[in-house]
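The following exercises ask the reader to work from a sequence and a structure towards a description of the fold. Each task is followed by a solution in steps.

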Amino acid sequence: MRLLLPILCSVFLLGGWMSAQSAPARFTGNQARAGRTAYNDSCATCHTAALVGGLDAPPLAGADFQGFWGGRPARELLAYVKAAMPPAGRKPDDTSLESIVAYILERNGMSASTVPFDDDDQGVIQPSGR
Ligand code: HEC
């Protein structure tokens with residue numbers, strides 16, 4: 001009994017931690033709609049309006065994208081976009097970049113919720129059908 005209790009406790013704690021880790025990222029439908037416009041203004045020239053990528057720019061939706069980004073926290077994607085995208089030219093403000101990531105999540109089959117996405121979000125990218 002002396003050993004069992006701590007072991008049981010850590011199993012429950014670990015379980016809670018793991019389910020918190022794998023909850024899907026959240027965003028609102030309004031964000032995704034605003035993100036579509038901002039994406040078409042700032043990203044579509046290279047990544048295309050269909051998010052399939054082109055020339056050098058990789059796809060932002062579909063199997064290749066999901067193979068790399070699926071299971072990763074959505075705020076990592078946001079951090080990457082804030083740091084690196086677009087590679088040149090006018091940078092959208094942080095609110096627009098959050099909306100653009102919401103749009104990318106939606107285009108990868110994730111569902112909107114009532115909680116807006118921002119860099120405090122702890123959820124992961126969880127494409128549909130995986
Ligand atoms: C001038 C063309 C161009 C524009 C505009 C552009 N990108 Fe990119 N993007 C690229 C290229 C090229 C890469 C590959 C970079 C690399 O591999 O280092 C890339 C990579 C990415 C990646 C990483 C994809 C992956 O799976 O590795 C993301 C996410 C991304 N871009 C998002 C965006 C977003 C969001 C915007 C608009 C705010 C944007 N990009 C605008 C050219 C562009």
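Helices are DSSP runs of H or I with at least four residues, strands are runs of E with at least two, and both are numbered from the N terminus. The model examined here is predicted.

**Exercise 1. The overall pattern**

Task: State how many helices and strands the chain has, and give the pattern along the sequence.

Solution. Step 1: the count gives six helices and zero strands. Step 2: reading along the sequence yields the pattern α-α-α-α-α-α. Step 3: the chain contains 130 residues, of which 28% are buried. Step 4: consider the contacts between residues at least 6 apart in sequence; 70% of these join residues at least 24 apart.

**Exercise 2. The helix pair α5 and α6**

Task: Determine whether α5 is parallel or oblique to α6, and identify the residues that make the contact.

Solution. Step 1: two packed helices are described by the angle between their axes and the distance between the axes. Step 2: for α5 and helix α6 (residues 94-107), the angle is about 130° and the axes are 10 Å apart. Step 3: α5 is therefore oblique to α6, since angles over 145 degrees count as roughly antiparallel and those from 65 to 115 as roughly perpendicular, with the rest oblique once angles under 35 are set aside as roughly parallel. Step 4: the crossing of α5 past α6 is right-handed. Step 5: on the side of α5 the contact involves A74, L77, L78, V81 and K82, and on the side of α6 it involves L97, E98, I100, V101 and L105. Step 6: sorted by class, the contact of α5 with α6 comprises eight nonpolar, no polar and two charged residues.

**Exercise 3. The helix pair α2 and α6**

Task: Describe how α2 and α6 are oriented to each other, and classify the residues of their contact.

Solution. Step 1: helix α2 (residues 29-42) packs with α6 at an angle of about 105°, and the axes are 7 Å apart. Step 2: an angle of 65 to 115 degrees counts as roughly perpendicular, so α2 and α6 are roughly perpendicular to each other. Step 3: α2 contributes Q31, A32, A34, G35, R36, A38 and Y39, which meet S96, E98, S99, I100, A102, Y103 and E106 of α6. Step 4: the contact of α2 with α6 holds seven nonpolar, four polar and three charged residues.

**Exercise 4. The surroundings of the ligand**

Task: Name the residues that come nearest to the ligand, and state the classes of the residues in the shell.

Solution. Step 1: there are 19 residues around the ligand, and C43, C46, A57, M85 and P86 come nearest. Step 2: α3 (44-47), α4 (63-69) and α5 (74-84) are the elements that give two or more residues to this shell. Step 3: the shell around the ligand consists of 15 nonpolar residues, three polar ones and one charged one. Step 4: P86 belongs to the loop between α5 and α6, and the peptide bond from M85 to P86 is cis, with omega near -10°.

**Exercise 5. Two residues with positive phi**

Task: For T48 and L51, decide whether each is buried or partly exposed.

Solution. Step 1: T48 lies in the loop between α3 and α4, and L51 is also found in the loop between α3 and α4. Step 2: phi is near 70° in T48, a residue other than glycine, and near 65° in L51, likewise a residue other than glycine. Step 3: a residue is buried if 20 or more other C-beta atoms lie within 10 Å of its own, and exposed if 12 or fewer do. Step 4: T48 has 16 such atoms within 10 Å, so T48 is partly exposed. Step 5: L51 has 20 C-beta neighbours inside 10 Å and therefore counts as buried.

**Exercise 6. Residues distant in sequence**

Task: Which residues is G123 in contact with, leaving aside its neighbours within four places in sequence?

Solution. Step 1: G123 is located in the segment after α6. Step 2: G123 has 21 C-beta neighbours inside 10 Å and so counts as buried. Step 3: apart from those sequence neighbours, G123 is in contact with A23, P24, A25, R26 and A74. Step 4: G123 and R75 are 48 residues apart in sequence, and their C-alpha atoms are 7.9 Å apart.

Terms used:
Residues numbered from 1 in each chain as written. Predicted model: local features only at pLDDT ≥ 70, side-chain atom pairs only at ≥ 80, totals over all residues. Near = placed C-beta within 6 Å. Nonpolar A, V, L, I, M, F, W, Y, C, P; charged D, E, K, R; others polar. Axes fitted to C-alpha atoms, helices over the stretch in contact; angles between N-to-C directions. Left-handed = near helix turned anticlockwise from the far one by under 90°. Contact = placed C-beta atoms within 7 Å.
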